[in-house]
Amino acid sequence: MNKFFALTLAAGLSSTFLAGAAFAQDCTPQHKITTVEAGYLTIAAPTFPPFSIPKGESDLSGVDGEIVKEIAAKECLKIKIAPVEYATAIPFVVSGRADIAIGNYYRTDERQKVVNLSAPLYLDQMGLYSKEGVTTVAQLEGRNVGTVQGYLWVNELKAILGDKLSLYNNYVALYQDLEAGRIEIAIDGVAVGTAAQQGGALKDVQIKVSEKDERVQSSVYPAQAGLPLSKNNPDLLAAADDVVKELHKSGRMVEILKEYGLSESAADVGEARLIK
């Protein structure tokens, strides 16, 4: 090897190393925490846009993805992705294979029994999907409406709409029937439909946040999403809560939501609550 080139290369490597070392020294964690793997925040990340969008082994995007990247940065940790199916993300945390799970997980009383749940991130608002821009529950009455099984609003809507309400196993079938005109209005979370539109679906459909109607409590008190964390790591929960609260206070949470096409009103989470 040419001596001049070797010296230049060595100098370059040395400066890079020193810069990296300086960066590591300059970064002071906000909390004293331990993680599954030292130096990393391991994230159980299903593919579930617009909330969780894994990008290889060390990066991700999506609403939840941006939030956990903020947590990692504040704690001087690198990101490590554990790609999982949606149903296995929380078991990954419970079993100690991941520090945190992402993907619009509701803050529920049952979930709180197996994992710690962070402070509320955002609201999963009830969305009304129609071609004319329906915004109220009253506008659903007497019309053919569809929604996906399992949502909090299903039983209350069934009482209002009766056999005019069709239930679907997944949002794909729901959207297909809406686009084909087999139902007039679909009800789903605002975010899921927004992501579908960004992918080219629901082209002639307007998605509106439902106005409040006391007959449907999900329109009055939408579910709050949180980050599931291990019950064995209260220090990480404290760190996550501090970051989440700062994101709300600084307005960064609104910026993240708007970046992924969601309403800034979803950041108005109110007091923390659990779904019973």
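Two strands are said to pair when DSSP finds at least two bridges between them, and in this predicted model that rule can be followed first in an open sheet of three strands, whose order is 6-14-8 and whose pairing is antiparallel. Strand 6 (105–106) and strand 8 form the edges of this sheet, since each of them pairs on one side only. Between strand 6 and strand 14 (residues 223–226) there are two bridges in the antiparallel sense, and within this pairing tyrosine 106 stands opposite alanine 225 in strand 14.

Strands of a sheet may pair in a parallel or an antiparallel way, in either case through backbone hydrogen bonds. The parallel kind appears around strand 10 (residues 145–148), which is joined by four bridges to strand 11 (residues 165–168). Two of the facing residues can be named here: glycine 146 has serine 166 as its bridge partner in strand 11, and valine 148 has tyrosine 168. Strand 10 also pairs in the parallel sense with strand 12, over three bridges, and there valine 145 stands opposite isoleucine 185. The path from strand 10 through helix 5 (residues 154–161) to strand 11 makes a right-handed β-α-β unit. Both faces of strand 10 are covered, with Val145 and Thr147 buried on one side and Gly146 and Val148 buried on the other.

Strand 12 (185–189) is also part of what covers the buried residues of helix 7, together with strand 9 (126–130), helix 6 and strand 13 (206–209), among others. Helix 7 (residues 190–198) is mostly covered, with seven of its nine residues buried; these are Val190, Ala191, Val192, Gly193, Thr194, Ala195 and Ala196. Just after this helix, glycine 200 takes a positive phi of about 105 degrees.

Helix 6 (residues 171–180) contains aspartate 177, a charged residue whose place relative to the surface deserves a check. Aspartate 177 has a relative accessibility of 17%, and because burial is set at under 20%, aspartate 177 counts as buried. Apart from residues up to four places away in sequence, aspartate 177 touches Tyr168, Arg182 and Ile183; Tyr168 is the residue already met as the bridge partner of valine 148 in strand 11.The nonpolar interior can be taken next. The largest nonpolar core has 37 residues, and those with the most contacts inside it are Ile43, Val63, Ile67 and Leu227. Two or more residues of this core come from each of strand 1 (40–45), helix 2 (63–74), strand 4 (78–83), helix 9 (234–250) and helix 10 (252–259), and helix 9 gives the largest share, seven residues. Isoleucine 67 shows how such contacts reach across the chain: leaving out residues up to four places away in sequence, isoleucine 67 touches Leu121, Leu227, Val244, Leu247, Met253 and Ile256. A second core, separate from this one, has 31 residues, including Leu128, Tyr129, Leu157 and Leu202.

Strand 1 also holds threonine 42. With a relative accessible area of 6%, threonine 42 falls under the 20% limit and is therefore buried. Its contacts, leaving aside neighbours within four places in sequence, are with Val36, Lys80, Ala82, Arg97, Ala98, Asp99 and Ile100.

Finally, there are enclosed spaces to consider, with a count of two cavities of 30 Å³ or more. The largest cavity has a volume of about 60 Å³, and the residues that line it are Phe51, Leu123, Asp124, Gln125, Val190, Ala191, Leu262, Ser263 and Ala266. Strand 8 (123–124) and helix 7 each supply at least two residues of this lining, which brings together two elements met above: strand 8 as an edge of the antiparallel sheet, and helix 7 as a mostly covered helix.

Definitions and conventions:
Residues numbered from 1 in each chain as written. Predicted model: local features only at pLDDT ≥ 70, side-chain atom pairs only at ≥ 80, totals over all residues. Heavy atoms only, no water. Core = buried A, V, L, I, M, F, W, Y, C linked by side-chain atoms within 4.5 Å. Buried < 20%, exposed > 50% of the residue type's maximum accessible area, 1.4 Å probe, protein only. Contact = heavy atoms within 4.5 Å. Right-handed = clockwise from strand over helix to strand, strands pointing away. 1 Å grid on protein atoms, 1.4 Å probe; cavity = no way out; pocket = protein on both sides within 12 Å on 5 of 7 lines; lining within 4 Å. Points joined across faces, edges and corners; volume = space filled by probe spheres on them.
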